[in-house]
Amino acid sequence: MAIEGAKARIAVVGAGLMGHGIAQVFALAGHDVAITDSFATNLGTVRSRIAANLRDLGDDESVALRVTPCADLAQAVRHADYVVEAVLEDLPLKQKLFAEIERHVRPDAILASNTSVIPITSIMQGLQWRERAVGTHWWNPPFLVPLVEVIETQWTSPQTVAFTMQLHEAAGKKPAHVKKDVPGFIGNRLQHALWREAIALVEQGICDAATVDAVIKASFGRRLAVLGPLENADLVGTDLTLAIHNTVLPAIDSRPSPSPYLQGLVADGKLGFKSGEGFRKWSVDEQAALRAKVMAHLKAARDT
Ligand SMILES: NC(=O)c1ccc[n+]([C@@H]2O[C@H](COP(=O)([O-])OP(=O)(O)OC[C@H]3O[C@@H](n4cnc5c(N)ncnc54)[C@H](O)[C@@H]3O)[C@@H](O)[C@H]2O)c1
């Protein structure tokens with residue numbers, strides 16, 4: 001783990017939605033970034049996509065020149081201090097890729113996966129040097145959402161965790177140390193606990209999908225960015241929290257598998273934006289308006 005000064009050699013594997021944004025953040029922090037992708041179009045457009053993001057955010061567009069596209073994986077990772085993978089969410093693909101990466105990297109290079117929910121242990125268990133393997137779960141878009149979950153496995157060395165936390169903090173992110181390698185880590189476990197109940201409310205006919213979203217956005221959603229649930233529990237009192245849980249927890253969904261309602265939507269081809277209907281119907285204009293609203297909100301949050 002030879003990092004001299006503040007500048008590291010970063011390699012990003014996968015130049016899609018997340019990979020190009022991760023490369024952008026590291027380049028903006030002053031690091032040299034090599035990026036590779038098996039799909040030539042994504043590699044060919046990576047610099048222009050990063051430049052467009054930088055322009056849109058009012059950042060220095062020339063930073064995109066610190067990102068070097070490499071068609072060859074071995075060349076991209078050979079000199080790297082730190083390699084982060086952001087290919088498709090496919091366990092055998094990620095396992096195969098890390099076996100290949102390990103053949104070409106320096107023995108002290110740190111290897112990170114940006115998987116959304118797959119345990120890092122499953123991805124990295126075949127590695128020869130597992131002490132330098134770690135998870136780094138970024139959120140979309142990587143250049144606007146601050147959190148990066150840094151996931152430790154039973155083999156990850158304290159030095160690997162410390163370096164990874166420091167690297168992300170210095171790049172302006174808010175790293176959170178996840179001490180046990182559990183599916184979904186912290187953020188997606190919390191997010192999908194909420195989504196499970198949101199779907200159950202619709203499934204049980206308690207309200208429609210638009211009402212679920214409206215209730216959240218007009219109530220605790222307003223506070224969430226500044227008041228976490230456990231801060232909130234302390235604020236109202238743990239005794240009140242206990243009383244509420246005694247009544248509510250037996251009533252809320254605790255099924256350990258996806259809701260039949262959700263499975264029905266997928267079976268019917270109601271896939272959300274991509275098919276024009278999911279829990280609700282979405283015209284092309286409505287989709288664009290919602291995407292724009294989210295980006296405007298995240299940009300405003302960055303500036304505060
Ligand atoms: N999209 C999100 O909101 C989000 C958020 C957090 C984490 N993630 C995770 O990040 C990872 C990437 O997601 P994404 O949304 O960027 O996907 P994406 O489809 O936009 O990008 C994946 C890229 O990997 C490339 N690729 C596929 N196989 C490859 C290989 N063998 N070698 C090199 N490149 C290869 C593809 O060509 C593509 O450019 C996934 O594991 C995903 O679960 C996604």
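Let me start at one spot in the chain: Pro141 sits in the loop between strand 6 (133-138) and strand 7 (147-151). The peptide bond that leads into Pro141 from Asn140 is cis, and its omega is near -5°. Please keep in mind that this is a predicted model. I will come back to Asn140 when I get to the ligand.

First, the overall picture. The chain contains 14 helices and eight strands. Its radius of gyration is 21 Å, and the globule rule gives 19 Å for 304 residues; the two are close, so the chain is as compact as a globular protein of that length. Along the principal axes, the C-alpha atoms fill a box of roughly 55 × 45 × 40 Å. Of the 304 residues, 30% count as buried. If we take the contacts with a separation of 6 or more, 64% of them are between residues 24 or more positions apart.

Next, the domains. How is the chain divided? Domain 1 covers 9-178, and domain 2 covers 189-268. Between the C-alpha centres of domain 1 and domain 2 there are 32 Å.

Now the ligand. Which residues come nearest to it? There are 24 residues around the ligand, and the nearest are Gly14, Gly16, Met18, Phe39 and Asn140. So much for Asn140: the residue before the cis bond to Pro141 is also one of those nearest the ligand. Two helices, helix 1 (17-28) and helix 5 (91-104), are the elements that give two or more residues to this shell. Helix 1 has the largest share, with three residues. Sorted by class, the shell is made up of twelve nonpolar, ten polar and two charged residues.

Helix 1 also turns up in the core. The largest nonpolar core has 55 residues, and the members that touch the most others are Val12, Tyr82 and Val83. Helix 1 gives the most to this core, namely seven residues. As background, nonpolar side chains in soluble globular proteins tend to be buried together.

What does Tyr82 touch? Leaving out residues up to four places away in sequence, Tyr82 touches Ala8, Ile10, Ala109, Ile110, Ala112 and Leu167. Let me pick Ala8 from that list. Ala8 belongs to the segment before strand 1 (9-13). Is Ala8 buried or exposed? It has 23 other C-beta atoms within 10 Å, and therefore Ala8 is buried. For a sense of distance, take Ala8 and Val248: they are 240 residues apart in sequence, and their C-alpha atoms are 50 Å apart in space.

A second buried residue is Asn53, which lies in helix 3 (residues 46-57). Asn53 counts as buried because it has 20 C-beta neighbours inside 10 Å, and 20 is the number at which a residue starts to count as buried. Neighbours within four places in sequence aside, Asn53 is in contact with Gln24 and Phe143. From Asn53 to Val67 the C-alpha distance is 14 Å, for 14 residues in sequence.

Further along is Phe185, in the loop between strand 8 (174-178) and helix 8 (187-203). Phe185 has a positive phi, near 55°, although the residue is not a glycine. Why does Phe185 count as buried? Because it has 23 C-beta neighbours inside 10 Å.

Last, the stretch after that, towards the end of the chain. How many of the eight residues of helix 13 (residues 260-267) are buried? The count is zero, and the helix is hardly covered. Helix 13 is followed by Gly269, which has a positive phi, near 75°. Gly272 is in the loop between helix 13 and helix 14 (284-302). With 14 C-beta neighbours inside 10 Å, Gly272 counts as partly exposed. Gly272 and Thr304 are 32 residues apart along the chain, and 32 Å separate their C-alpha atoms.

To sum up, there are two points to take away. Helix 1 gives the largest share of the ligand shell, and helix 1 gives the most to the largest nonpolar core. At the other end of the scale for cover, helix 13 has no buried residues. That is all I have.

Terms used: Residues are numbered from 1 along each chain as its sequence is written. This is a predicted model: local features need pLDDT of at least 70, side-chain atom pairs count only at pLDDT 80 or more; totals for chains, interfaces and linings use all residues. Domain bounds come from an automatic or database domain assignment. A residue is near a molecule or strand if its C-beta atom, placed from the backbone, lies within 6 Å of it. Helices (H or I, at least four residues) and strands (E, at least two) are DSSP runs, numbered from the N terminus. Ala, Val, Leu, Ile, Met, Phe, Trp, Tyr, Cys and Pro count as nonpolar, Asp, Glu, Lys and Arg as charged, and the others, Gly among them, as polar. A nonpolar core is a set of buried Ala, Val, Leu, Ile, Met, Phe, Trp, Tyr and Cys residues joined through C-beta atoms within 7 Å. A residue is buried if 20 or more other C-beta atoms lie within 10 Å of its own, exposed if 12 or fewer, and partly exposed in between; C-beta atoms are placed from the backbone. Two residues are in contact if their C-beta atoms, placed from the backbone, lie within 7 Å. The radius of gyration is taken over C-alpha atoms; the globule rule is 2.2 Å times the number of residues to the power 0.38.
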